[in-house]
Amino acid sequence: MRELFESTIERLLADLATPEYVFGCEGGEWPAELWAAVEVSGFTLAAVPESLGGAEAGWADLYVLARAAGRFAAPIPLGEALLANWLLGKAGLEPQTGILSFAAEADLSLRDGAVVGALRDVPWGRHAESLVAIAERNSATPSVVLLSTESAASQTLSLNVAGEPRDSLHFTGARVLASAPLPAALSAEVLQLGGALLRSAQIAGALHALLDMTSAYASERTQFGRAIGAFQAIQQQLAVFAEQAAAAGIAAEAAFAESDTLFATLTIAAAKVSTAEAASVGAGIAHSVHGAIGFTQEYPLHLLSRRLWAWRSEFGSASLWSQRIGQMVCGAGGEGYWALLTNHANQQLCTREEIGMSPFLQIEREGGIVTVRMNHPETRNALTSPEQIQEFVDLCAELRRDRSARVMVLTGNGSAFVPVATSRTCASAAASSPVRRTNCAIPTAMASSAFRWRSTSWTSRSSPRSTARPSAPGWTWPVCATSAWLPARPCSRKASCAWG
């Protein structure tokens, strides 16, 4: 089955998903012709059980579909439809034809067949006819729900850096099309796991396409009388690129192969970390070898490099999954470590609470207002570890992508709010990571940087009593910073605000 899938999807995408066609879909334009061809081929139902009209293909066979979607930068939710229909089948619900996607970031309450809540960062949410999500994720009985996008009370449209739709939808009492209890064998984080699995394969496919493009350019571009690919410096760069692409492909394919019956959480986490790191290295080398032409709009290099930059942080960044791996290993202990590596049925995500850790950043959302609460009162909410700094970095990266976030309120639990890192923490961060070395800053500065990408005027203002939200569109109040050791009470001086 895998060979049939591979030959068919490669031929289909090579004919239709040309660079010109993909570029024409930038900004969220829907590729109706390409989607129709994919749907007629039956790929969106490939993972559905035969009893429900599908091919009942395993994830080992489906790897080639997700990899091809990445290799050709296909601007369609092929992987999303595969995963959504697979989950519907696992829950015993009818699979869906038409444009189908899913939401891994869901905050839904299900009561009497109606849902209230929000779905965030939904791939192609504006075009999807129906969506799959998990309702009541934090309860003892989460449910798989199928929602119509037409029933959404509102939509917030946004794009990732590659120009692909990543929208948010809000529901207020919308009736579900179908629902069923989440199977006991599946985690409530199944859609995040599946999304990370899909993105790892797409990154692997895009990396190999980018490597082919870069190698071809190095053999054609001449300088000083010979191809630049003949110079040792370029050869070394291409060798590193090839190594990263091969490692990413192996990690992604291993994750698919070991998840054939049940998601192998540890292997998926390792694949997402490996492919995300390879994406950063590979895209950098590709642009370095191409030089100035690689940054032009007409040259198709950016169709792949921008997707690599977007996909590496979707459904969890490398930092997030590295932390999850560490949590799982700590939770297993010395006696359970071998079983964790070999028994995939036991590869379930451990929460920070399950291993005795509480989340440092507690995040609440109300419309466009994001409240970030630092939860380390025993140190008066000072940053005391490089991991806490990285949490801020990851949060800021997420806010840059989220156009629905307009205000960020930064506060803390306990009796004080200290928006600084200790000198020992900065020294430890600098020694462990050159990335963290540049982020040992006041969290309010990091928060304000999350909004700098917006096309708004920028006025830096620091005042304990600057609480008035700007009334004119296009103005930004980045930070309302205060001094430390203030008493905890519901007043403006305890919180720092960043408007976008």
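In this predicted model, helix H10 (residues 318-342) makes a good place to start: its end C-alpha atoms are only 22 Å apart, whereas a straight helix of 25 residues, at 1.5 Å a residue, would span 36 Å. A bend accompanies this short span: at Gly333, H10 turns by about 120°.

The surroundings of H10 come next. Ala318, Trp321, Arg324, Gln327, Met328 and Leu340 of this helix are buried. Among the elements that cover the buried residues of H10 are helix H6 (190-220) and helix H8 (265-290).

Turning to the strands, the model contains an open sheet of four, arranged in the order S1-S4-S5-S8 and with mixed pairing. Strand S1 (100-102) and strand S8 (178-181) each have a single partner strand and stand at the edges, so one side of each is left without a neighbour in the sheet. On average, and with direction ignored, neighbouring strands of this sheet are turned by 20° against each other.

A closer look at one edge of the sheet fills in some detail. Strand S1 runs parallel to strand S4 (residues 130-135), and three bridges join the two. Leu100 has Ser130 in S4 as its bridge partner. In general, the strands of a sheet pair through backbone hydrogen bonds, and they do so either parallel or antiparallel. A helix is also found at this part of the sheet: H5 (residues 78-90) lies across S1, S4 and strand S5 (143-148). The direction of H5 is at about 80° to that of S1.

Technical notes
Residues numbered from 1 in each chain as written. Predicted model: local features only at pLDDT ≥ 70, side-chain atom pairs only at ≥ 80, totals over all residues. Heavy atoms only, no water. Pairing = 2+ DSSP bridges. Axes fitted to C-alpha atoms, helices over the stretch in contact; angles between N-to-C directions. Contact = heavy atoms within 4.5 Å. Expected span 1.5 Å × (residues − 1). Bend = angle between axes of the 7 residues up to and from the residue. Buried < 20%, exposed > 50% of the residue type's maximum accessible area, 1.4 Å probe, protein only.
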